[in-house]
Amino acid sequence: MNDRTLHPESLMMSYGYNPEWSEGAVKCPIFQTSTFVFRSAEEGKAFFEVAYGLRSQKPNEKLGLIYSRLNNPVLEILEDRLTLWDDAEDCAVFESGMSAISTVLLEYLKPGDLLLYSSPLYGGSEHFIQHVLPQFNITVARFKTGQGREEIENIVRDSGKADRLKMIYIETPANPTNDLIDIEQCKNIARYFSTSQHEVLLAVDNTYFGPLWQHPLQHGADIVVYSATKYIGGHSDVIAGAALGSREVIKRIKTLRTFLGNMAAPWTGWLLLRSLETLKPRMETQARNAKHVAEFLKNHPKVEKVYYLGFLDEKNDEHYALYKKQCLSAGAMLSFDIVGGEKEAFAFLNHLKLIRLAVSLGSTESLAEHPATMTHVDLDEAEKKELNITEKLVRLSVGVEHYEDLINDIQQALEFVKVEELETA
Ligand SMILES: *Cc1c(COP(=O)(O)O)cnc(C)c1O
């Protein structure tokens with residue numbers, strides 16, 4: 001069944017699992033167990049030798065399970081299936097997106113090192129980078145979407161620690177305005193600062209567009225991280241994360257995961273296996289719906305501007321070529337400026353009926369939120385202004401509902417945005 005030549009969506013129901021292992025059960029059962037019985041003491045000894053790196057695995061040596069903090073059948077099958085979308089060699093799953101991200105950063109950054117990161121990032125990641133890493137004497141430097149290669153290289157040099165740059169960490173498209181960062185260019189910057197002693201790694205948070213619409217490993221990234229809470233989980237009912245890359249890169253991440261103990265639990269893993277079976281139809285429907293919603297918003301008099309990648313055009317947008325190079329769809333995340341400010345944005349949000357007022361994204365149900373006072377409240381005023389995160393900005397994560405119902409909901413909620421305010425705005 002391990003035929004990687006089939007399309008990923010054809011393999012999500014079977015890859016890595018053999019019903020003969022489990023009484024013929026067509027689905028992989030939940031292996032809700034903390035430990036696994038060895039057939040002999042010799043076998044237990046052999047498993048530990050390899051798991052703890054005392055020796056490498058012999059050719060044809062079959063390794064068994066030890067303890068669910070190290071491995072579990074559900075997690076191993078889930079990790080195998082996740083590799084298919086990004087064409088990665090290996091994957092490690094975690095109990096949250098933040099645990100995947102923090103484990104990657106802690107494994108590859110040591111005291112004295114420099115991290116370069118893009119801004120804006122997911123709030124939790126930005127907090128970890130700005131407030132936790134410096135406690136370990138790790139220097140952090142950031143660049144903003146829109147800055148060119150030369151400017152970015154100068155930021156590294158100006159930190160005074162160019163020789164200690166160990167990782168570049170980016171998020172593209174950037175949340176919530178869908179600004180793009182060139183993954184390949186970041187890899188070139190990483191190569192430029194690599195030395196014979198160490199390679200600078202590029203890590204990309206692909207939560208917003210992955211694993212379907214963007215494959216950072218194919219553009220030079222070394223590590224891809226996900227909040228699997230979002231599209232991968234897709235039902236707003238589980239918190240989880242993942243990191244993918246080469247066998248070598250993921251091995252170190254899995255080893256730290258073993259000792260931090262932040263692997264996903266069997267039940268989380270099982271929920272994600274179930275989610276993966278419908279990942280493609282969900283994401284395709286969401287992207288299709290988003291296009292209809294974006295087009296409706298674009299023509300509405302109470303909407304000033306729509307941030308939707310599908311509207312980039314070849315002649316007027318410098319990012320069009322980049323969009324074509326690294327994105328396979330415009331995705332299902334969009335934002336828009338309502339005519340007015342916070343009051344008007346809140347009037348709209350408070351009157352939505354079908355679309356839920358909540359943070360998070362990528363789920364079957366559509367969600368709306370106000371970045372300036374919710375997901376991005378932590379940014380200071382100057383940063384918000386620079387990133388177009390103003391009081392009039394509303395973010396939508398488009399779900400799988402019928403798009404006409406979504407549009408009708410948006411239309412009726414916009415009616416509560418008062419015309420008087422419109423005129424004085
Ligand atoms: C939600 C999110 C995270 C954090 O993931 P959790 O699963 O909530 O820990 C990281 N990055 C992005 C882009 C996210 O949207």
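Across the interface of domain 1 and domain 2, 20 residue pairs are found in polar contact, with both residues at pLDDT 80 or more; a polar contact here is a pair of N or O atoms within 3.5 Å, where, within protein, one must be able to donate a hydrogen and the other to accept it, and residues adjacent in sequence count only if both atoms are side-chain atoms. The model is predicted, with local features needing pLDDT of at least 70 and side-chain atom pairs counting only at pLDDT 80 or more, while totals for chains, interfaces and linings use all residues. Residues are numbered from 1 along each chain as its sequence is written, and side-chain values use heavy atoms, leaving out hydrogens and water.

On the domain 1 side, α5 (123-132), β3 (139-144), α7 (183-193) and α9 (266-277) each supply at least two residues that touch domain 2; helices (H or I, at least four residues) and strands (E, at least two) are DSSP runs numbered from the N terminus.

The rule also finds five salt bridges across this interface, each requiring a side-chain nitrogen of Lys or Arg within 4 Å of a carboxyl oxygen of Asp or Glu. Glu383 and Arg142 meet through their side chains in a salt bridge, at 3.0 Å from N to O.

Between them, the two domains bury about 3,400 Å², 58% of it on carbon and sulfur atoms; buried area is the accessible area (1.4 Å probe) that two parts lose on being put together, summed over both. Leu180, Trp213 and Tyr231 supply 25% of the area that domain 1 buries against domain 2, more than any other three residues.
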